[in-house]
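Let's take a walk through this one, starting from a metal site and moving outward. Have the structure open and follow along.

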Amino acid sequence: MISKEMTKALNEQINKELYSAYLYLDLSARAERSGMPGVANWFFIQNQEELTHAQMFYKYVLRQGATIELAAIAKPAVKCKTALEMFEKTLEHERVVTASINNLVDIAVKEKDHATEVSLQWFVNEQVEEEQNACAIIDQLKLAGPNGGGLFMIDRELAARVFVPPTAASAA
Ligand SMILES: [Fe+2]
Ligand SMILES: [Fe+2]
């Protein structure tokens, strides 16, 4: 059993994860249009990841016998054109998501809700990885410069990313 406040916060997190999926789908389309199929692939897979995050929260709320309440998903507000701008946007967004996950942990600690706190640990670790991934790609893009061979190479590398679903053991 989880509290009303926790149920509301977890439902809001489902919306945030779905918004993340939407944001990355938008970035994927932009990258595709700008002739960067590898960047487009990276963001498409990021979209899939975010959908699984939303599903993990959804399943957790149901497992606790609480109510799912889905809200409208906002239109992604992005104006990025270059790959660097896209990954800077990603880092900025993931930092907001990290703060949101930390806030969920704060509520769980405050309420002595150990089950939710333990389930959230997977997401705490995932956010470290998300920020680290975005930072690493930003560093590479800065090294490569705005155009030419460097960007071509990075695009080819990002084309190799494949979707790895979270394992049952690690899922919340
Ligand atoms: Fe996420
Ligand atoms: Fe991830």
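In this predicted model, the iron ion (ligand 1) is held by Glu17 and Glu50 through OE atoms and by His53 through ND1, at 2.1 to 2.2 Å. Read along the chain, those donors follow the spacing E-x32-E-x2-H. Glu17 sits in helix α1 and His53 in helix α2 (residues 37-63), so this pair ties together parts that are 36 residues apart in sequence.

How exposed or buried are these donors? Glu17 has a relative accessibility of 1%, and His53 comes in at 2%. The cut-off for buried is under 20%, so Glu17 counts as buried, and so does His53.

Now slide along to Ser20, which is also part of helix α1 (residues 4-33). Ser20 is buried too, because its relative accessibility is just 1%.

So what does the side chain of Ser20 pair up with? One partner is backbone: the oxygen of Lys16 lies 2.9 Å from a polar atom of the Ser20 side chain. The other is a side chain, with Ser20 and His93 joined by a polar contact of 2.8 Å.

Zoom out a little and skip the neighbours within four places in sequence: Ser20 is then in contact with Glu50, His93 and Val97. Two of those names should ring a bell. Glu50 is one of the iron donors, and His93 is the side-chain polar partner of Ser20. That brings us back to the metal: Ser20 touches Glu50, and Glu50 coordinates the iron ion (ligand 1) along with Glu17 and His53.

Note on methods: Residues numbered from 1 in each chain as written. Chains lettered and ligands numbered in written order. Predicted model: local features only at pLDDT ≥ 70, side-chain atom pairs only at ≥ 80, totals over all residues. Heavy atoms only, no water. Helix = DSSP H or I, 4+ residues; strand = E, 2+ residues; numbered from the N terminus. Buried < 20%, exposed > 50% of the residue type's maximum accessible area, 1.4 Å probe, protein only. Polar contact = N/O pair within 3.5 Å; in protein donor to acceptor, adjacent residues only side chain to side chain. Contact = heavy atoms within 4.5 Å. Donors = N, O, S within 2.8 Å, 3.2 Å for Na, K, Ca; no water.
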